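Q: Please take a close look at one part of this model, and then work outward from it. I want the packing geometry and the residues behind it, in one connected account.

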Amino acid sequence: MTNELIAALYVVPTPLGNLADLTRRAEDVLRAVPWVACEDTRHSAPLLKQLGARARTLPAHQHNEHEAAARIVDKLQAGEAVALISDAGTPGISDPGARIVAAVRAAGCQVVPLPGACAATTALSAAGLTDEHFLFYGFLPSKAGQRRQALEALAGHAYALVFYEAPHRVLDTVAEMAEVFGERTLVVARELTKLFENIDALPLNGALEWFKADPNRQRGEFVLIVSGAPADAASGEGERVLKLLLDEGLGTKQAAKLAAAISGEAKNALYERALALKSAD
């Protein structure tokens, strides 16, 4: 790559932990751009220094995305290229960046995405689950009630569910997953590409005890992957009962509540399905 880049926002994935995972193209872009927008400029400075990058940095984190976007658009409209990076992985994937990209596109400027490190796909490639599809959720809500509602809404889906989780919430999250999802497989991918990387597959119902058995298992950053709902749970009794109740004229909330009580399936998931059935009528 030459040192001349078009005036565009380059969305650049950075390594999850192992610096050797930075692509050649990403290296070239970071060396060539005059500006790098960083989630944390202090965190990114060692990487840029190691690459010999001379770019000036702009803070672009979740608390200043609007202001950062305006500054970046100004740079682009002045004919300068800007690289966007997060602390690790791909910007905009459970990291700041999506609002910046949207603002740049709305301003008529070009966005150039680079492929690279992403914790979700890295974990999935080593999970060994046979689900044909997956849903990437990212971080669940931190409040218990909201987290429970989110999990219940996902309970009936017949594809692998991919979550990110922090160490101080992982026990609570795994405990609630076991209560909501029941007998599934949980893949725990911890500290991916780093020195203490571990990837384990285990029954979800025994996961809480597994974590508690060794405090080291509770450390680091996590990708949690839950296997999809069994076919009979995803498409069976709950929806059949729901349709009958809706046909009898019950409202969506009442039908979902009764169908959940009869079938044992998650009320929120059945409510979402009831809304979809109503809109299709």
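**A helix pair and its surroundings**

A: Helix α6 crosses α7 in the right-handed sense. This is a predicted model. The residues of α6 that make the contact are Ala144, Arg147, Arg148, Leu151, Glu152 and Leu154, and they meet Asp172, Thr173, Glu176, Met177, Glu179, Val180 and Phe181 of α7. Sorted by class, the contact holds six nonpolar, one polar and six charged residues. Helix α6 covers residues 144–154, and its axis lies 10 Å from that of α7 at an angle of about 40 degrees. An angle under 35 degrees would count as roughly parallel, and roughly perpendicular runs from 65 to 115 degrees. The value for this pair falls in neither range, so α6 is oblique to α7.

The next step outward from α7 is a sheet. This open sheet has five strands in the order β6-β7-β10-β8-β9, with mixed pairing. Its edges are β6 (134–139) and β9 (198–203), each of which pairs on one side only. From one strand to the next the twist averages 15 degrees. Within the sheet, strand β7 (residues 160–165) and strand β10 (residues 222–226) run antiparallel and are joined by five bridges. One residue pair in that ladder is Phe163 with its bridge partner Leu224 in β10. Helix α7, residues 170–181, packs on this sheet and touches β7, β8 (185–190) and β10. The direction of α7 makes about 5 degrees with that of β10. Helix α7 therefore has two recorded partners here: the sheet, through β7, β8 and β10, and α6, to which α7 is oblique.

A second helix pair can be set beside α6 and α7. Helix α3 (residues 65–77) and helix α4 (residues 98–106) have axes that come within 9 Å and cross at roughly 40 degrees. It follows that α3 and α4 are oblique to each other. Their crossing is right-handed. On the α3 side the contact is made by Glu65, Ala68, Ala69, Ile72, Val73 and Leu76, and on the α4 side by Ala98, Arg99, Ile100, Ala103 and Val104. The class count for α3 with α4 is nine nonpolar, no polar and two charged residues, against six nonpolar, one polar and six charged for α6 with α7.

There is also a sheet in the order β3-β2-β4-β1-β5, open, made of five strands and with parallel pairing. Strands β3 (56–59) and β5 (110–113) are its edges, each pairing on one side only. Here the twist averages 25 degrees from one strand to the next. At the β3 edge, strand β2 (residues 35–38) pairs with β3 in the parallel sense over four bridges. Cys38 has Pro59 as its bridge partner in β3. Helix α1 (residues 24–32) packs on this sheet and touches β1 (8–11), β2, β4 (82–85) and β5. The direction of α1 makes about 125 degrees with that of β4.

As for annotation, an unreviewed UniProt entry lists residues 9–199 as "domain: Tetrapyrrole methylase". That span is 38% helix and 20% strand, and its end C-alpha atoms lie 34 Å apart.

How values were computed. Residues are numbered from 1 along each chain as its sequence is written. This is a predicted model: local features need pLDDT of at least 70, side-chain atom pairs count only at pLDDT 80 or more; totals for chains, interfaces and linings use all residues. Side-chain values use heavy atoms; hydrogens and water are left out. Axes are lines fitted to C-alpha atoms, for helices over the stretch in contact, and angles run from 0 to 180 degrees between N-to-C directions. Angles under 35 degrees count as roughly parallel, over 145 as roughly antiparallel, 65 to 115 as roughly perpendicular and the rest as oblique. A crossing is left-handed if the near helix is turned anticlockwise from the far one by less than a right angle, and right-handed if clockwise. Contact means heavy atoms within 4.5 Å. Ala, Val, Leu, Ile, Met, Phe, Trp, Tyr, Cys and Pro count as nonpolar, Asp, Glu, Lys and Arg as charged, and the others, Gly among them, as polar. Two strands pair if DSSP finds at least two bridges between them. UniProt positions are given in the numbering used here, feature names are shortened, and annotations may be inferred rather than shown by experiment.
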